[in-house]
Amino acid sequence: MNAAGSLSAGRAVNPWVVAVVVAMAAFMEVLDTTIANVALPYIAGGLAVSSDQASWVITTYLVANAVSLTASSYLARALGRKRFYLICVLLFTFSSVMCGLAWDLNSLLVFRILQGLGGGGMVPLSQSILADSFPAEKRGQAFAVFGLAIVVAPVIGPTLGGILADNVGWEWCFLVNGPIGLLTLALIWLVLPSTTRVEAQSHQQQADLRFDLIGFLLVATLLGSLEVILDRGQEDDWFGSRFIIVSAAICVASLVLMVPWLVTRKNPIIDLRLLAQRQFASCFCVMLLAGAILLATTQFLPLLVQQNFGYTATWAGLVLSPGGLVTMMTVIVVGRLLTFVQPKYLIAIGASIVAAGMYGLTRLYADVDFAFFAWSRIVVGAGLPLILIPVLTASYAGVPADKTDQASALMNAARNVGGSIGISIGVNVLADRSQFHQNRLVESVTPSSPAYQETLQRMIDYFVAQGSALAQARGQAIQWIGEQVQQQASLLAYIDVFWTLMLLALAAVPLALILSNIKLGGAVAAE
């Protein structure tokens, strides 16, 4: 197989140039899954809306992204990869700029939907282009380049978002995509050939290509409603909310109808029959867990240091930066390791390293410094590429050449849904365990205890020394004790979140070990 000519029947293209270009596009899209998170308070303040309303900025993007992802395989085949890729990048770039120029919340949400629709096709297209551009023995190194996008972008997102929101304005979290998008658009136009392997199919194959509208509606409804439930569940009190109940009913109904429809179609919008292959199904499950770990670890550490340690959005992002640097170095190493080490062993090692990083965070206490968080993130950052890049490499082993777009769509759906599941699990653990720990701590804070009286008196003396009257100082002291109880409950709840994420990481180990051996430089070994 000529890697340089895999995308084109007409002219040779250096596959490493292709890899860099598609990685740039994927980087932009993945970056936008996290860059706005730390800027939500600024968005709420700038648009004069509540934080609950501002959180729809995240939800609308995820839902639109899921819907677009559903149709990406068909559109790539029908329009040709290059044409569809250019449309996606152009829509994403335009809507990103318009998000930065939005005049109210409603306009921002409309442009975020457009941004999600454009971004939904970019990452799966990037993956399938790489899979077809390189022979099997080079895919690991190719996906290492791609891994810089899907692993590093969520880490850089909060850092960049915090710096921009603190020093320039939340609008630049979106406007920054403008020049990068235009550059990427130009490079795609120049580098990717106009004729793709899919476009060169026979007339009969093209005639068989039909848009599965019913399948598309069922899959889009399932993913969209699931994203809404996971993202809004905690804020809307789960099944205490009629909105969540209706969303759940729609989600279940679409799932029940979707499975038999898709498995009986000749050309389904998403080929679930790939999940009948043990290798691909195992990779799909590992990717679910990897997505959960990747986004949840990126979400909760900045949140913790901002809420409990007084970090600014900039410093909250910088907590992740050392781990991001380690991730970039590890990506390079993983690309080389994949030429002689089975992916399943790398995934198991990576999941164990991430679990060790999460375990380190369970030693959290109120006086830890920046270095504690940075070193914990370094450990996690070293492990993540060992999961995400090998699982992508292993997932395409044994997949027919005409199914790479379908495989890419399913693997990206797994990553996106897994990320939402991981964040949802973490948010619920945080809320429930905060209440639990606060109830337990309050039980031990009794006014009649000598320890309480001693602490109360010391704080009264402190506030009196600061110039407060005795009665006022007593009220301030009682309030201070209450705040300490809440802070301690919050820290204990975050420790429970990190325990949960550690268990998710460990769950990936047995899933990795049941993967089939890949004939390095070839296909899946016979079982």
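Visitor: Why is Arg433 called partly exposed?
Guide: Happy to explain, with the reminder that this is a predicted model. Arg433 has 31% relative accessibility, and partly exposed covers the span between under 20% and over 50%, so Arg433 counts as partly exposed.

Visitor: And what makes Asp496 buried?
Guide: The relative accessible area of Asp496 is 16%. Buried means under 20%, so Asp496 is buried.

Visitor: How do you know that Arg433 and Asp496 meet in a salt bridge?
Guide: Their side chains come to 2.8 Å, N to O. The cut-off is within 4 Å, so the pair counts as a salt bridge. Arg433 sits in helix H19 and Asp496 in helix H21, 63 residues apart, and the pair links distant parts of the chain. By this rule the count comes to one salt bridge.

Visitor: Why is Ser247 called buried?
Guide: Ser247, in helix H13, has 8% relative accessibility. With buried set at under 20%, Ser247 therefore counts as buried. Leaving aside neighbours within four places in sequence, Ser247 is in contact with Ser225, Val228 and Ile229.

Visitor: What makes up the lining of the largest pocket?
Guide: The lining divides into 18 nonpolar, 16 polar and three charged residues. The pocket holds about 1000 Å³ of space. Of its 37 lining residues, the closest to the centre are Leu40, Glu235, Gln299, Leu303 and Val427. Glu counts as charged and Gln as polar, whereas Leu and Val count as nonpolar. Helices H19 and H21 are among those that each supply at least two residues of the lining.

Notes
Residues are numbered from 1 along each chain as its sequence is written. This is a predicted model: local features need pLDDT of at least 70, side-chain atom pairs count only at pLDDT 80 or more; totals for chains, interfaces and linings use all residues. Side-chain values use heavy atoms; hydrogens and water are left out. Helices (H or I, at least four residues) and strands (E, at least two) are DSSP runs, numbered from the N terminus. Buried means under 20% relative accessible area, exposed over 50%, partly exposed in between (1.4 Å probe, protein chains only). Contact means heavy atoms within 4.5 Å. On a 1 Å grid over the protein atoms alone, a cavity is a set of points where a 1.4 Å probe fits but cannot get out, and a pocket is an open set with protein on both sides within 12 Å along at least five of seven lines; lining residues have an atom within 4 Å of a point. Grid points are joined across faces, edges and corners, and a volume is the space filled by probe spheres set on the points.
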